[in-house]
Amino acid sequence: MTIRTRLTSLLGIEHPIIQGGMAWTATAELAAAVSNAGGLGIIGAGHMPTDLLREQIRNAKASTDRPFGVNLMLLTPHIDELVQLVLDEHVPVVTTGAGNPGKYMSALKEQGIKVLPIAPSTALAKRMESIGADAIIGEGMEAGGHIGELTTMVLTPQLADAVSVPVVAAGGIADGRGMVAALALGAEGVQIGTRFMCAEECTIHPAVKEQVLRAKDRDTVVTGRSTGHPVRVIKNRLAREIMELDKANQPEEIEALGAGKLALAMRQGDTDMGSLMAGQSAAMVCRIEPAAAIIDEIVSEAQSLLASLSARTVGT
Ligand code: TUI
């Protein structure tokens with residue numbers, strides 16, 4: 001049995017699983033591994049220079065014949081150039097984060113690119129649907145990195161009611177149980193980030209993978225609320241320093257302290273002063289394994305749960 005939804009047909013993928021477009025983390029190597037395993041692999045552009053993103057896109061094309069995507073982080077200053085690049089490279093799918101992609105939608109759609117904006121609210125989701133979004137990724141605040149205000153549990157069904165295009169649930173999903181819950185809430189697919197940080201093909205520093213593996217239920221915190229861009233990270237010295245600045249309401253100091261810290265963690269392995277962006281589901285990630293094993297496990301757990309759930313209820 002396979003789990004097919006409108007999302008799998010829309011994207012031409014086998015399993016309704018999109019890998020999160022994590023900056024400094026979701027490289028072509030991880031994206032290709034996820035796509036080759038039947039999900040949708042995503043290259044996280046973040047603040048990547050245009051030439052590096054071009055190289056990453058070409059690496060992904062060379063490593064998989066299947067669809068893959070690029071996540072565009074809309075706060076990056078050279079976003080116009082990155083949009084032009086995904087158009088020139090005919091990237092099949094674009095997900096967007098940290099803003100409203102309205103300005104770019106018609107150009108992307110004219111090129112035949114499938115556009116899946118990440119929306120933290122029903123208002124943005126409806127706006128995105130009205131200008132041509134192919135699906136909406138609803139990301140709850142359980143997610144890692146930059147987050148909205150609502151939980152996945154309440155955001156997902158509201159999005160499913162608000163829009164007609166497929167909804168993808170994100171935030172807090174790491175296994176087949178989460179996937180089935182998302183389907184029950186009205187989603188037609190899931191986006192999973194944190195669990196893929198511990199994929200073998202994920203090229204982040206091993207010290208960061210170790211922090212994800214060691215994380216327990218209350219080990220992530222939300223920092224930077226005073227900046228207007230709250231970010232969920234695994235607690236460390238940097239997080240504690242930012243929390244102090246949050247208390248003192250010093251957003252400029254937070255921006256200055258935070259600059260370059262994601263790369264410091266993910267590339268250099270500084271788990272003390274680097275930004276350990278990860279979701280609450282870090283506590284559910286227990287081993288490093290190939291991306292294909294992660295996908296197989298999630299899908300087979302979801303399939304057996306779907307088959308057995310009605311037998312779980314008690315009564316006549
Ligand atoms: O974008 C993410 N996660 C990210 S981006 C990132 S890099 C960064 N670092 C520091 C500060 C800010 C960004 C790290 N993690 N997830 C998707 C996401 N999108 N979460 C929240 C949003 C979002 C927020 C507001 C999407 C749209 C939006 O629209 C506001 C508007 O213009 O209506």
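This talk walks through the sheet, some helix packing and a few single residues of one predicted model.

Let me start with the sheet. It is open and has eight strands. The order is E1-E9-E8-E6-E5-E4-E3-E2, and the pairing is parallel. As a reminder, strands of a sheet pair through backbone hydrogen bonds, either parallel or antiparallel.

Which strands stand at the edges? They are E1, residues 17-19, and E2, residues 41-44. Each has a single partner strand, so one side of each is left without a neighbour in the sheet. On average, neighbouring strands here are turned by 25° against each other, direction ignored.

Now go to strand E6, residues 136-139. Look at the order again: E6 sits between E8 and E5. Take the E8 side. E8 covers residues 167-170, and the two strands pair in the parallel sense over four bridges. One residue pair to find on screen: Gly138 has Ala169 in E8 as its bridge partner.

Then the E5 side. E5 and E6 also pair in the parallel sense, over two bridges. Here Ile118 stands opposite Ile137 in E6.

What about the side chains of E6? Ile136 and Gly138 point one way from the strand. Ile137 and Glu139 point the other way. Are these residues buried or exposed? All are buried, and that includes Glu139.

Next, helices on the sheet. I have two for you. Helix H3, residues 50-63, packs on the sheet and touches E2 and strand E3, residues 68-73. The direction of H3 makes about 160° with that of E3. So much for H3. Helix H6, residues 122-130, lies across E5 and E6. E5 is residues 114-119, and H6 runs at about 165° to E5.

On to helix against helix. Again, two cases.

Case one is H4 with H5. H4 is residues 79-88. H5 is residues 102-110. They pack at an angle of about 15°, with their axes 10 Å apart. The cut-off for roughly parallel is under 35 degrees. H4 and H5 are therefore roughly parallel to each other. The crossing is right-handed. Who is in the contact? From H4, we have Ile79, Asp80, Val83, Val86 and Leu87. From H5, we have Lys103, Tyr104, Ala107 and Leu108. By class, that contact has seven nonpolar, no polar and two charged residues.

Case two is H11 with H12. H11 is residues 237-247 and H12 is residues 251-258. Their axes come within 8 Å and cross at roughly 165°. Over 145 degrees counts as roughly antiparallel. H11 and H12 are therefore roughly antiparallel to each other. H11 passes H12 in a right-handed crossing. On the H11 side, the contact uses Leu238, Glu241, Ile242, Leu245 and Asp246. On the H12 side, Glu253, Ile254 and Leu257 take part. The classes come out as five nonpolar, no polar and three charged.

Stay in H11 for a moment. Arg240 lies in this helix. Arg240 is partly exposed, with a relative accessible area of 47%. Here is a distance for scale. Arg240 and Leu159 are 81 residues apart in sequence. In space they are 34 Å apart, C-alpha to C-alpha.

Now the loops. Which residue in the loop between E1 and helix H2 should we look at? Trp24. Its phi is near 65°, a positive value in a residue other than glycine. H2 itself is residues 28-36. Trp24 is partly exposed, at 38% relative accessible area.

Ala98 is another such case. Its phi is positive, about 65°, although Ala98 is not a glycine. Ala98 is in the loop between strand E4, residues 93-97, and H5. With a relative accessible area of 27%, Ala98 is partly exposed.

Last loop, last residue: Ser275. Ser275 is found between helix H13, residues 261-266, and helix H14, residues 291-312. Why does Ser275 count as buried? Its relative accessibility is 10%, and buried means under 20%. What does Ser275 touch, leaving aside its neighbours within four places in sequence? Val233, Leu238, Lys261, Leu262, Ala265 and Met266. One of these is familiar: Leu238 also belongs to the H11 side of the contact with H12.

That is the tour. Questions, please.

Methods:
Residues are numbered from 1 along each chain as its sequence is written. This is a predicted model: local features need pLDDT of at least 70, side-chain atom pairs count only at pLDDT 80 or more; totals for chains, interfaces and linings use all residues. Side-chain values use heavy atoms; hydrogens and water are left out. Two strands pair if DSSP finds at least two bridges between them. Axes are lines fitted to C-alpha atoms, for helices over the stretch in contact, and angles run from 0 to 180 degrees between N-to-C directions. Contact means heavy atoms within 4.5 Å. Buried means under 20% relative accessible area, exposed over 50%, partly exposed in between (1.4 Å probe, protein chains only). Angles under 35 degrees count as roughly parallel, over 145 as roughly antiparallel, 65 to 115 as roughly perpendicular and the rest as oblique. A crossing is left-handed if the near helix is turned anticlockwise from the far one by less than a right angle, and right-handed if clockwise. Ala, Val, Leu, Ile, Met, Phe, Trp, Tyr, Cys and Pro count as nonpolar, Asp, Glu, Lys and Arg as charged, and the others, Gly among them, as polar.
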